[in-house]
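Let's walk through this one by asking how each label is earned. Here is the model to look at.

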Amino acid sequence: MRTRIAYIASNTFREAVRDRVLYNLIAFALLLSGAAILVGQISIEIEKLVVINLGLTAVSLFGVVIAIFIGIGLVSKEIEKRTLYTVLSRPVRRWEFIVGKFFGLAGTLVVNTFFMAIGVFAALFYVSHKFVRADALLLVALYFIILEFLIICSLALLFSSFSSPLLSAVFAFSLFVIGSFAEDLRNFAGMAHGVSRWLATGAAYLVPNFSAFNVITSIAHEQPVAGQLVLQNTLYALFYAAMALSGAVLIFEYRDLK
Amino acid sequence: MPAIEILGLEKTYSVGFWRKRPKRALHPLQLTVEDGEIFGFLGPNGAGKTTTLKLLMGLVFPTAGSARILGREWTDPQVKAQIGFLPEQPYFYDYLTAHELLEYYGQLSGVPAKQRKQRVEQVLHQVGLRDVQGLQLRKFSKGMLQRVGIAQAILHDPKIVFFDEPMSGLDPMGRREVRDLMEQLKHQGKTVFFSTHILSDAETLCDRVAIIHMGELRGVGAVEDLTSSIHGKVEVIWQGTQVPLSVKALGAECHVSGDRVRAIIDENQQEAMVDALRRERQRLIAITPVRTSLEAYFVEKLRRAETTAGTSA
Amino acid sequence: MKPRQKTTMVASACLILSLAASLFVLNRIDQLRPQATLDEVLFLSSPKVIQRASLGYDGLMACIYWTRAVQYFGYRHHNFAASYNLLAPLLEITTHLDPHLVVAYEFGSSFLAPKPPQGAGQPERALQLMQYGIQNNPDNWRLYYDLGFVYYMELRDYKQAAATFERGSHVPNAHPFLKILAAQMAQHAGEYETARMLWSATYQTTQDKQIKENAVEHLRALRVDEDVKHLQEAVTRFGERTGRLPASMAELVAAEGLAGTPADPDGHPYKLTPEGRVEVRVPEDFPFATRGLPPGFKPKFRGIL
């Protein structure tokens with residue numbers, strides 16, 4: 001069972017790589033190095049700030065786009081192209097398929113982020129000529145970004161299990177944007193009354209809480225991140241992804257592959 | 001123990017967006033396939049052949065009914081390790097090579113790692129795919145893809161193989177090879193269940209066939225029985241360029257082509273015909289019982305079904 | 001169906017449990033980050049940067065920043081904060097993103113100028129905000145009112161207040177009381193009646209809950225101030241007549257012919273101390289009162305700095 005999931009995961013990873021997904025790293029590298037060089041010609045104080053902000057934001061956005069665009073096709077494309085028939089006629093359970101796809105996609109993103117992280121640190125070194133202790137905070141920001149990816153992957157997979165690629169992309173992207181303002185949404189909900197208060201609060205709590213994962217601004221100013229937050233965010237990401245994956249498994253379990 | 005027992009499997013789809021109309025793709029089907037036989041599942045396009053196969057593979061869930069494969073419930077995961085499936089017009093991960101695909105499928109089917117590589121080579125050889133190392137599947141022709149499909153179906157040495165339209169897209173050479181392969185599989189003791197709408201293939205290959213039309217089973221039986229000579233005629237072929245009078249006297253229909261003459265006579269006239277030819281010193285080439293072709297049987301069954309449907313509708 | 005049933009059960013259980021768990025953890029995260037939405041404001045107090053980052057969705061971002069401003073102030077005010085450093089930047093960002101968000105200016109006029117814990121204690125920034133508002137909304141009489149309000153209440157610049165109200169009264173569809181207030185400023189600037197008029201006007205014309213509550217508190221305080229002033233005058237008169245202090249409130253009431261037992265807006269009777277001071281029973285209930293408070297009474301700061 002576990003090995004089948006591993007095989008499916010590695011095949012998904014292989015597909016992403018051969019799909020030339022990793023070429024995005026070239027675009028990223030160009031963007032970051034261009035910015036680093038450009039910014040190196042302005043005053044010293046904000047160079048580092050720009051590199052960190054731009055670098056981390058790019059890691060996050062590139063990753064989200066990749067996660068969504070690969071994720072939405074993970075299931076629906078296989079059904080459409082009927083590649084799924086010969087897989088499911090083997091002793092592979094449907095849920096193993098979903099879980100394997102998830103790990104494959106998540107793995108792709110982790111590898112992608114790893115290379116991007118190297119790029120960010122390289123750019124940072126270029127503008128500051130040395131590393132300081134506070135730069136380790138970047139690792140926390142990157143870790144949070146990876147946690148975000150786990151949630152996005154699980155959501156993309158969830159939508160892919162029942163919806164067309166286009167709709168899945170729309171849903172997933174919308175949830176990303178709304179989730180980035182989740183804290184504000186909860187504030188809004190707190191100010192509403194009656195039925196809409198219940199509905200808004202419900203929505204505000206179900207939406208993925210990406211705002212807590214975005215520590216880019218504070219890290220750029222060398223503000224430490226509470227250990228408690230790291231723990232809670234990790235737990236939240238794991239639970240949320242588990243929730244979305246369970247949904248995907250349930251939907252897929254009952255789906256007729258016409 | 002029968003290899004496959006279909007116990008009333010049926011499938012009704014709900015079609016339409018607002019008012020869901022039910023569409024019956026398969027009426028309750030009762031069918032048994034014996035161990036070690038080649039079974040043909042015949043029917044025109046849209047008859048329900050693919051639906052039946054998908055139900056058996058667990059790709060689609062039945063509205064009612066069940067099935068047993070090799071004595072187990074068809075949903076039992078252990079069954080999957082012992083069956084192979086070739087879908088209609090298969091499509092595979094086009095970014096992989098044939099070797100990689102089979103290796104992957106071997107992993108999923110639980111073929112032990114030590115034997116996998118060897119088995120992949122073996123199976124590729126068996127389906128006639130050579131020199132495809134490093135070639136991505138997106139570059140394969142239709143015929144080559146069909147062979148890959150067969151390869152992945154037999155890779156893990158299953159006891160039963162399910163083929164959906166295995167000859168589709170193949171040229172005559174290819175079809176001959178597939179037929180030979182199916183015979184091979186039968187010799188290896190496997191059961192072959194395949195669907196097709198090409199009757200001549202079924203006629204030569206199958207031990208038994210079932211005919212399905214508009215989701216309903218119309219006939220089942222051994223090919224021998226279904227095509228047994230009803231009218232009791234024989235076909236006689238001899239060397240010659242004209243029909244001797246004594247033969248004509250038997251009232252036979254004769255046909256001359258080149259230096260051969262063909263005549264169709266009643267079974268009980270066989271002796272008389274042979275005598276006549278010997279007297280005329282004509283060289284006898286062949287005497288063959290005339291069988292109703294499977295096609296005739298098929299067409300007749302379908303026509304009867306449509307008439308019934310017409311009168312009942 | 002057995003394996004499918006098993007999968008269904010496990011997946012459903014997992015779904016429900018992880019949903020519950022994620023909500024629980026989310027709650028904990030929210031508690032860890034009470035002011036999290038204000039990260040950008042802490043570090044980037046230039047409204048222009050935030051406007052660029054909004055990618056053209058200024059109106060939406062203005063709404064979001066407005067909500068954040070209200071939350072920020074409400075949370076800190078509830079906890080008797082000693083400072084509200086981010087209120088001005090938040091309101092500035094909000095109005096920069098949407099210069100026509102009038103309620104933001106109202107909020108600023110009520111809460112930027114007063115001293116903590118009632119406000120940010122930054123009347124100059126309040127003035128700037130109002131002026132920016134008038135610049136961008138010259139036909140909105142409300143903003144003149146808000147500006148005049150700041151001059152009157154916190155800066156005690158009655159001349160400017162009068163001039164502002166006067167200007168405002170010329171705006172088409174201006175509320176008639178602007179003209180009245182202008183006149184009132186000129187003659188009776190320091191009187192309770194004027195202050196009461198202003199706070200009543202604020203109360204009646206605003207939609208914002210917090211501003212309304214604030215106005216009510218001020219009106220209550222005015223009542224107390226007025227009552228205590230009159231009572232104190234009565235004590236003085238008593239002293240001039242009898243040469244001593246009244247022994248109790250009841251005696252004062254009887255001697256001066258006051259109507260009934262004087263009580264504060266909450267219904268608690270005023271105290272008369274042995275030293276002859278008139279005091280409210282519960283000073284904390286009247287945060288804006290300037291009279292009737294025990295000597296050395298300081299409003300509490302409940303720990304948000």
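Q: What makes A:Ala67, A:Ile152 and A:Cys153 stand out in the largest nonpolar core?
A: This is a predicted model, and among the 159 residues of that core these three touch the most other members. A core member has to be a buried residue of a nonpolar kind, joined to others through C-beta atoms within 7 Å, so A:Ala67, A:Ile152 and A:Cys153 each count as buried.

Q: Which helix gives this core its largest share?
A: That's helix H7 of chain A, residues 137-160, with 18 residues.

Q: How do you know that A:Ile152 is in contact with A:Phe176?
A: Contact calls for C-beta atoms within 7 Å. A:Phe176 is listed as a contact of A:Ile152, along with A:Val64, A:Ala67, A:Ile68 and A:Ala172, so each of these pairs meets that cut-off. Neighbours within four places in sequence are left aside here.

Q: Why is the group with C:Ile50 and C:Leu86 called a second, separate core?
A: Members of one core are joined through C-beta atoms within 7 Å, so a set without such a link to the largest core is counted on its own. This one has 64 residues, C:Leu97 and C:Leu272 among them.

Q: What makes up the side of chain C that touches chain A?
A: Here 27 residues of chain C are in contact with 30 of chain A. Helices H1 (2-32), H2 (39-43) and H4 (58-78) of chain C each supply at least two residues of that side, and H1(C) gives the most, 17 residues. By kind, the side divides into 13 nonpolar, eight polar and six charged residues.

Conventions
Residues are numbered from 1 along each chain as its sequence is written. Chains are lettered from A and ligands numbered from 1 in the order in which they are written. This is a predicted model: local features need pLDDT of at least 70, side-chain atom pairs count only at pLDDT 80 or more; totals for chains, interfaces and linings use all residues. Two residues are in contact if their C-beta atoms, placed from the backbone, lie within 7 Å. Helices (H or I, at least four residues) and strands (E, at least two) are DSSP runs, numbered from the N terminus. Ala, Val, Leu, Ile, Met, Phe, Trp, Tyr, Cys and Pro count as nonpolar, Asp, Glu, Lys and Arg as charged, and the others, Gly among them, as polar. A residue is buried if 20 or more other C-beta atoms lie within 10 Å of its own, exposed if 12 or fewer, and partly exposed in between; C-beta atoms are placed from the backbone.
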